[in-house]
Amino acid sequence: MIRMTEPSKITSQSVPDHQPAAGGIAARARASVGPKYLSGLNPEQREAVETLDGPVLVLAGAGTGKTRVLTTRIAHILSQGRARPAEILSVTFTNKAAREMKHRLGQMLGHAVEGMPWLGTFHSIGGRILRFHAELAQLKSNFTVLDVDDQVRLLKQLLQAESIDDKRWPARMLAGLIDGWKNRGLMPSQVPSGEAAMFANGKGGKLYASYQERLKILNAADFGDLLLENIRIFREHPDILRQYQQRFKFILVDEYQDTNVAQYLWLRLLSQAPAKPAAQAVIPGRLEEPNPESGDESTDRDSGFDAAHRPGMTERAAIAAAPAGPTKNICCVGDDDQSIYGWRGAEVDNILRFEHDFPGAKVIRLERNYRSTGHILAAASHLIAHNEGRLGKTLRTEDHDGEKVTVTGSWDSEEEARGIGEEIEQLQRQGEKLNEIAILVRASYQMREFEDRFVTLGLPYRVIGGPRFYERAEIRDALAYLRVINSPADDLAFERIVNTPKRGLGDATVQMLHDHARKRRIPLFEAARAVVETDELKPKARGSLRDLITQFDRWRAQREVTAHTDLAQIVLDESGYTEMWQKDRSADAAGRLENLKELVRSMEEFENLQGFLEHISLVMDREGGAEDDAVSLMTLHSAKGLEFDNVFLPGWEEGLFPSQRTLDEQGRAGLEEERRLGHVGLTRARRRAKIYFATNRRIHGTWSTTIPSRFLDELPAANVEITESKGGSAWGGTGGYGASRFDDMEAFGSSYSTPGWQRAQANRNRGGGRGGGGRGGFEEEASTFSSASSSPDFGSFSSRRRGPLTIEGELVAKSTGTTSEFSLSDRVFHQKFGYGHVTKIDGNKLTIAFDKAGEKKVVDSFVQRA
DNA sequence: GTATTAGACAGGGGA
DNA sequence: TGTCTAATAC
């Protein structure tokens with residue numbers, strides 16, 4: 001067997017060239033004789049496609065042909081006759097990825113892929129399985145999938161029932177906690193008691209339990225349940241698990257680095273070879289064992305490890321330790337360097353520990369990048385090499401070096417936006433398509449300045465991300481109507497639309513219905529039906545409630561004889577919902593009506609109302625009017641998976657990127673995740689990557705002086721070019737700042753741009769301190785930044801890291817050693833803070849008592865003698 | 001049932 | 001400084 005992916009060989013820095021190992025040549029020779037779908041693959045890709053048996057981890061770096069490998073692998077399995085389409089389980093995270101795979105597979109196989117019923121997102125497949133066994137989860141198979149809004153409203157009701165102060169303990173927080181527990185695969189009884197007690201003075205666990213009970217009554221499941229209930233069913237009913245284990249001959253997982261504990265457990269259960277009936281009785285018992293109700297707090301406390309990870313990890317380890325039969329053919333594709341969803345429950349550990357979890361796993365690295373030029377790739381690789389917790393890959397390209405990555409400093413974020421605007425116009429003049437230009441920001445509030453600028457320039461742009469189609473109010477309202485028709489017990493939906501459009505059924509009426517429903521243990525809709533027969537309501541409310549019920553009865557009857565798209569249109573018209581928006585004269589009313597039309601149109605794809613509703617909450621995506629040529633504006637997170645010729649990366653400043661909050665909350669792990677985000681950003685670029693940082697940025701309305709991001713220091717000098725801001729108007733001033741603004745630019749330039757930026761020493765010893773603070777200026781909040789960056793936790797590298805211990809050719813800022821030319825009590829002027837006097841001097845850092853702005857710390861180059 | 005105002009808060013956002 | 005939510009006033 002040829003193994004060209006011996007990890008130590010490929011990742012070792014001692015392999016200097018890009019020649020494939022000897023095995024690669026043999027594989028290449030083989031390539032010429034294989035089926036034609038294999039012919040365009042490189043040796044590693046081909047190995048990833050052809051290694052069908054046993055667990056396989058494909059470490060696919062950015063731009064290395066990941067999707068191609070996945071789809072080709074499926075084609076290969078099918079063409080080899082190893083499995084039928086319905087025997088392949090293929091999971092992705094997003095609908096978009098699932099669609100993309102279906103599409104590419106269709107192209108490859110030359111026909112539609114209707115025969116791949118198990119290709120989809122984790123949640124859509126989990127939901128599908130749950131519908132088959134709904135009764136085992138005390139649900140009916142037409143259960144509703146609740147989204148976050150429904151969830152929060154339900155929790156609010158529970159909090160009210162428990163008389164818990166909604167202010168101190170917001171429903172959103174509880175929703176977040178429950179979501180976190182579910183992500184970690186924890187049922188109410190399994191939540192460590194310490195954590196359960198965190199909310200509302202110990203009521204957290206109880207609330208989780210009663211929330212679950214309420215869900216069953218409402219015949220509803222939230223997103224977490226779609227997987228968690230699967231896991232429960234699999235554990236409690238080994239025969240059912242075995243059935244799925246036998247069905248899925250092959251399992252493929254996309255973006256494995258983004259899986260959470262629940263998804264890991266789910267995969268783990270499905271990927272084991274079917275157990276013999278005799279062993280069944282034993283395994284489920286073993287699985288439950290490690291989670292006694294008492295919880296293992298002592299383990300949590302003793303461990304210095306982030307407590308949030310422990311329980312899941314314990315659970316995880318227990319499963320892995322269970323006597324698993326031989327693992328089936330599971331192939332996980334992912335890139336640990338692109339794991340950026342830790343805050344959403346993703347466990348990088350899942351991918352880092354793959355070989356441990358799936359013994360005998362084969363690890364294949366895809367390191368040939370087909371996207372970016374040499375300089376861009378070198379910059380990205382060099383940056384990510386600073387991470388310790390990684391499996392290690394070295395991306396390489398056969399492309400030419402191209403343009404160096406640029407780093408540009410600006411005085412403030414306005415100038416940054418102006419400069420980028422001008423560069424984009426220049427690119428446009430050079431014939432670049434706007435569609436091939438993207439601006440990737442860390443935080444969405446950064447977008448505004450760009451939008452303002454682009455509007456002024458008349459530069460077409462589009463914002464990617466933002467609220468999703470099905471989260472819009474009008475869509476959710478329309479769906480609520482359909483939900484009530486489909487499932488009369490859906491109280492949440494009923495409550496949503498009972499007074500939309502306005503029918504004079506206000507809070508008082510709804511409260512009354514609630515009381516009634518609770519007393520008799522019936523759904524709200526039935527309560528309403530009963531109440532209109534009494535005289536408990538005022539005649540007006542009673543009349544309109546009766547009308548509403550009559551309408552619903554009529555719609556339900558029509559459902560039998562009318563196409564579901566027509567029914568939807570009828571419901572929207574007859575209920576007065578369409579009219580409500582037609583009367584609305586606000587600016588977005590027309591758009592909302594358009595969205596409703598789009599909703600009705602999209603229903604055509606489904607067979608009936610039931611089918612539509614089952615999938616809607618999982619599947620609806622925002623439709624893109626992507627035809628026009630426009631600059632794309634989005635967050636780094638939503639850029640994952642995309643690529644552009646030209647990528648602008650503004651806001652590389654401490655506190656913003658890396659985000660201070662992530663650092664505070666996640667410490668070193670957070671820093672590494674931020675760094676991966678930087679790596680993702682850079683690797684989106686094909687030909688040009690342009691990084692920016694500003695010296696001043698408005699944060700919550702007040703101007704703050706910021707320090708350039710430490711990530712800038714981590715870029716390799718050989719691949720980076722420092723440029724002056726092309727904002728240009730630092731001179732001409734659109735007003736306000738005058739000439740001294742340029743003075744500050746000069747000060748900035750001398751401390752950072754020219755002599756300050758230099759090649760690093762070839763050897764930088766561990767613990768020797770990074771070139772941390774003291775770059776640019778900072779004020780009081782900034783002290784937290786500098787302490788973070790100089791803490792050994794963040795800056796140092798342990799000797800066991802597998803990348804280069806010392807990094808050559810890094811950029812470092814000028815050291816902080818310079819002495820200030822100012823003396824105590826000197827009268828000084830600062831551009832943003834005005835006049836003040838020096839009260840303390842620490843190297844080049846001055847503490848200044850400003851007349852108006854109070855006491856702040858500032859780097860001396862930012863003030864001048866007054 | 002709608003208009004106004006005070007207050008909180010300000011990171012990434014899939015299914 | 002701006003935006004969004006919730007409570008309050010009409």
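The following is a conversation between a student and a tutor about a predicted model of a protein with DNA strands.

Student: What makes a local feature acceptable in this predicted model, and how are the residues and chains labelled?

Tutor: Local features need pLDDT of at least 70 and side-chain atom pairs count only at pLDDT 80 or more, while totals for chains, interfaces and linings use all residues. Residues are numbered from 1 along each chain as its sequence is written, chains are lettered from A and ligands numbered from 1 in the order in which they are written, and side-chain values use heavy atoms, with hydrogens and water left out.

Student: Why is Thr 500 called buried or exposed?

Tutor: Buried means under 20% relative accessible area, exposed over 50% and partly exposed in between, with a 1.4 Å probe and protein chains only. Thr 500 has a relative accessible area of 17%, so Thr 500 is called buried.

Student: Where does Thr 500 lie, and what is Thr 500 in contact with?

Tutor: Thr 500 lies in the loop between helix H24 (491–497) and helix H25 (507–520), where helices (H or I, at least four residues) and strands (E, at least two) are DSSP runs numbered from the N terminus. Contact means heavy atoms within 4.5 Å, and, leaving aside neighbours within four places in sequence, Thr 500 is in contact with Asp 477, Tyr 481, Tyr 577 and Met 580. The side chain of Thr 500 also reaches the backbone oxygen of Arg 496 at 3.2 Å. A polar contact is a pair of N or O atoms within 3.5 Å; within protein, one must be able to donate a hydrogen and the other to accept it, and residues adjacent in sequence count only if both atoms are side-chain atoms.

Student: What makes a set of residues a nonpolar core, and which residues have the most contacts inside the largest one?

Tutor: A nonpolar core is a set of buried Ala, Val, Leu, Ile, Met, Phe, Trp, Tyr and Cys residues joined through side-chain atoms within 4.5 Å. The largest has 48 residues, and those with the most contacts inside it are Leu 482, Phe 494, Leu 545, Phe 552, Leu 609 and Phe 612. Helix H23 (residues 473–486) gives the most to this core, with eight residues. Apart from this core lies another, of 45 residues, among them Phe 234, Tyr 244, Tyr 256 and Leu 265.

Student: How do you know that Glu 47 and Lys 362 meet in a salt bridge?

Tutor: A salt bridge is a side-chain nitrogen of Lys or Arg within 4 Å of a carboxyl oxygen of Asp or Glu. The side chains of Glu 47 and Lys 362 meet at 2.8 Å, N to O, and the pair is counted as a salt bridge. Glu 47 lies in helix H3 (residues 43–50) and Lys 362 in strand S8 (residues 362–366), so the pair ties together parts that are 315 residues apart in sequence. Both Glu 47 and Lys 362 are buried, and the structure holds 58 salt bridges.

Student: What separates Arg 676 from Glu 673, and how far apart are their closest N and O atoms?

Tutor: The closest N and O atoms of Arg 676 and Glu 673 are 3.5 Å apart, in a salt bridge. Being three residues apart in helix H33 (residues 660–683), Arg 676 and Glu 673 are separated by about one helical turn. With a relative accessible area of 4%, Arg 676 is buried, and Glu 673, at 12% relative accessibility, counts as buried too.

Student: What makes a residue count as near DNA strand B, and which are the closest?

Tutor: A residue is near a molecule or strand if one of its heavy atoms lies within 4 Å of it. By this rule 31 residues surround DNA strand B, and the closest are Thr 94, Asn 95, Ser 444, Lys 502 and Thr 662. A polar side-chain atom of His 123 lies 3.5 Å from a base nitrogen of DNA strand B, and an N or O atom in the side chain of Glu 665 is 3.1 Å from a base oxygen of that strand.

Student: Which residues surround DNA strand C, and what does Arg 448 reach there?

Tutor: DNA strand C is surrounded by Lys 156, Arg 448, His 700 and Gly 701, and sugar and phosphate account for 64% of its atoms that come within 4 Å of the protein. A polar side-chain atom of Arg 448 lies 2.8 Å from a phosphate oxygen of DNA strand C.
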